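Visitor: I am new to this structure and would like a close look at one part of it, namely its charged side chains and the way they pair. Please take me through them slowly, and explain each term as it comes up.

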Amino acid sequence: MAKQSGSRPWMAFQKRWVLAALALFSISSAVVFVSKTAFDSCSTPAELSSGLVRATDRVEDVKNPLEFMRSKLVLLVSHELSLSGGPLLLMELAFLLRAVGANVVWITIQKPAEVDDVIYNLEHRMLARGVLVMPAKDQKAVDTSLKADLVVLNTAVAGKWLDIFKDDIPRVLPKVLWWIHEMRGHYFKVEYVKHLPFVAGAMIDSHVTAEYWKNRTRERLGIKMPETYVVHLGNSRELMAIAEDDIAKKVLRDHIRESLGVRSDDLLFAIINSVSRGKGQDLFLRAFSESLKMIEEKKIQVPAMHAVVVGSDMAAQTKFETELRNFVTEKKLHDRVHFINKTLNVAPYLAAIDVLVQNSQARGECFGRITIEAMAFELPVLGTSAGGTTEIVVDGTTGYLHPAGKEGVRDLAKNIIKVATDTQTRQTLGRNGYKRVKEMFLEHHMAQRIAAVLQDVLRKSRSIH
């Protein structure tokens, strides 16, 4: 017995190192899913206006709430297959359904003439998990839609695909769940959403986005939203396992910091999003530069500070990314700003940084999963007071909010200094964020919420047929 007891700490130690090694192994991989999956209950205490349904209202406490989907035929329709959030979320739903024995079919509407490495790898990952992949315009796709128990249409732009049914469209719409992630005005076109009022339901990632769609479709297009479910995202067990393992986090932290050439006690502020103007990397770098200037002018004592931009695309060399790099050159920040190529495996970077900046502009993120992932790592979040971020970050408790746009640059700079100069505040914000994740944004929350939505949609479809 003594020998077995003594071996347990060693086995636990080995497990932690395996976790860390796996995460390190996949840092450069674009198709590794370490930290993606989940939905959650609504964090806004007040109910939205009529027509919006809290998915929490019909949750039953069962071991696997998706068990009722066993043997059901589900068609998942994606506008594209890429490393962007929408397709990846739909893939996660595919795997959750396959885990309980559902028959899952996937179609991609827009595919390039030549299949690239990303599409090839993602499709083969689905095939390996038992998801059937078929062409969107194949007759089999139409036949599958008519036979399916449930059709999940992913993103607003996927709506045009419904036109292929012509006279059969009334047979399909009653079993369609439309999953919407967009917050941009150009998606509100009749050709995209003309069928929206007639589907079984819409699932949207945040309250603010749901309200935006409700108002925008009515005012701009004169159409009414179907019954709408607000379902927050959440963190997978895999990500939480790393986030809660101190040894794994230290291994990752040391490795990433060594690769960046920064010291263990330096402060790293990171923005982790695809590099685009809407994600606000330019305004983040301006705020970072301004904070350095204020620190120098006021002779504030802080550790060396660095900005990390994760989500770069070295090969594309877009105009916007060129602007970012030119700004770094102009401000002589080469030793303070680090660009990291886009990756699905964010865990190593979350382990390595000290503060996450969620700087999405205009209406903000529909939700912004990276925010709850950072909070799982006990990181304070400096976010824009827009979109789903306001339903995640509690201002002054789990981080600080600042206005979107150029008027928010000064406030963000001040918030950067605020968390840089006060270690205790930084740690308290991080601990509060972790607690909020544990209470609201975990995988089991997701399973319950998504099950409640699917049960409703299936019930409606059966009542019509």
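**Charged side chains and their partners**

Guide: A good place to begin is the pair formed by aspartate 266 and arginine 263, whose side chains meet in a salt bridge with 3.2 Å from N to O; the term stands for a side-chain nitrogen of Lys or Arg within 4 Å of a carboxyl oxygen of Asp or Glu. What you see is a predicted model, in which local features need pLDDT of at least 70 and side-chain atom pairs count only at pLDDT 80 or more, while totals for chains, interfaces and linings use all residues. Residues are numbered from 1 along each chain as its sequence is written, and side-chain values use heavy atoms, with hydrogens and water left out.

The two partners of this pair sit in contrasting surroundings: aspartate 266, at 3% relative accessibility, counts as buried, whereas arginine 263, at 53%, counts as exposed. Here buried means under 20% relative accessible area, exposed means over 50%, and partly exposed lies in between, with a 1.4 Å probe and protein chains only. In general, side chains of opposite charge can pair when their charged atoms come close. The structure holds 22 salt bridges, and a few others deserve a patient look.

In one of them, aspartate 163 pairs with lysine 194, the closest N and O atoms being 3.3 Å apart. Aspartate 163 belongs to the loop between strand E6 (150-154) and helix H5 (169-172), and lysine 194 to the loop between helix H6 (190-193) and strand E8 (201-204), so this pair ties together parts that are 31 residues apart in sequence. Helices (H or I, at least four residues) and strands (E, at least two) are DSSP runs, numbered from the N terminus. Both partners are partly exposed, aspartate 163 with 33% relative accessibility and lysine 194 with a relative accessible area of 35%.

Aspartate 163 also appears among the residues touched by histidine 195, which are Gly159, Leu162, Asp163, Ile169, Leu173 and Trp178 when residues up to four places away in sequence are not counted; a contact means heavy atoms within 4.5 Å. Histidine 195 is found in the loop between H6 and E8, and at 13% relative accessibility histidine 195 counts as buried. Its C-alpha lies 7.8 Å from that of leucine 173, although the two are 22 residues apart in sequence. The loop between E6 and H5, for its part, also contains threonine 155, which is not a glycine and yet has a positive phi of about 75°; at 4% relative accessibility, threonine 155 counts as buried.

Another pair spans a longer stretch of the chain: arginine 237 forms a salt bridge with glutamate 443, the closest N and O atoms being 3.2 Å apart. Arginine 237 lies in helix H8 (residues 237-243) and glutamate 443 in helix H16 (residues 443-464), so the pair ties together parts that are 206 residues apart in sequence. Arginine 237 counts as exposed at 61% relative accessibility, while glutamate 443 is buried, with a relative accessible area of 15%. Salt bridges can also join into a network, as they do among Arg253, Arg257 and Asp354.

Some charged residues belong to a surface patch instead. Arg286, Lys293, Lys331 and Lys406 form a positive one; patches are made of residues with over 30% relative accessible area and no salt bridge, like charges being joined within 9 Å and nonpolar side chains (Val, Leu, Ile, Met, Phe, Trp, Tyr) within 5 Å. Arginine 286 has its place in helix H10 (residues 281-298) and is partly exposed, with a relative accessible area of 45%.

To set these details in the whole, the chain comes to 16 helices and 16 strands, and buried residues make up 56% of its 465 residues. Among contacts in the chain with a separation of 6 or more, 78% are between residues 24 or more positions apart.

Key. Areas by Shrake-Rupley, 256 points an atom, 1.4 Å probe, with all protein chains shown as cover. Lys, Arg positive; Asp, Glu negative; His and termini not counted. Charge placed at Lys NZ, Arg CZ, Asp CG, Glu CD.
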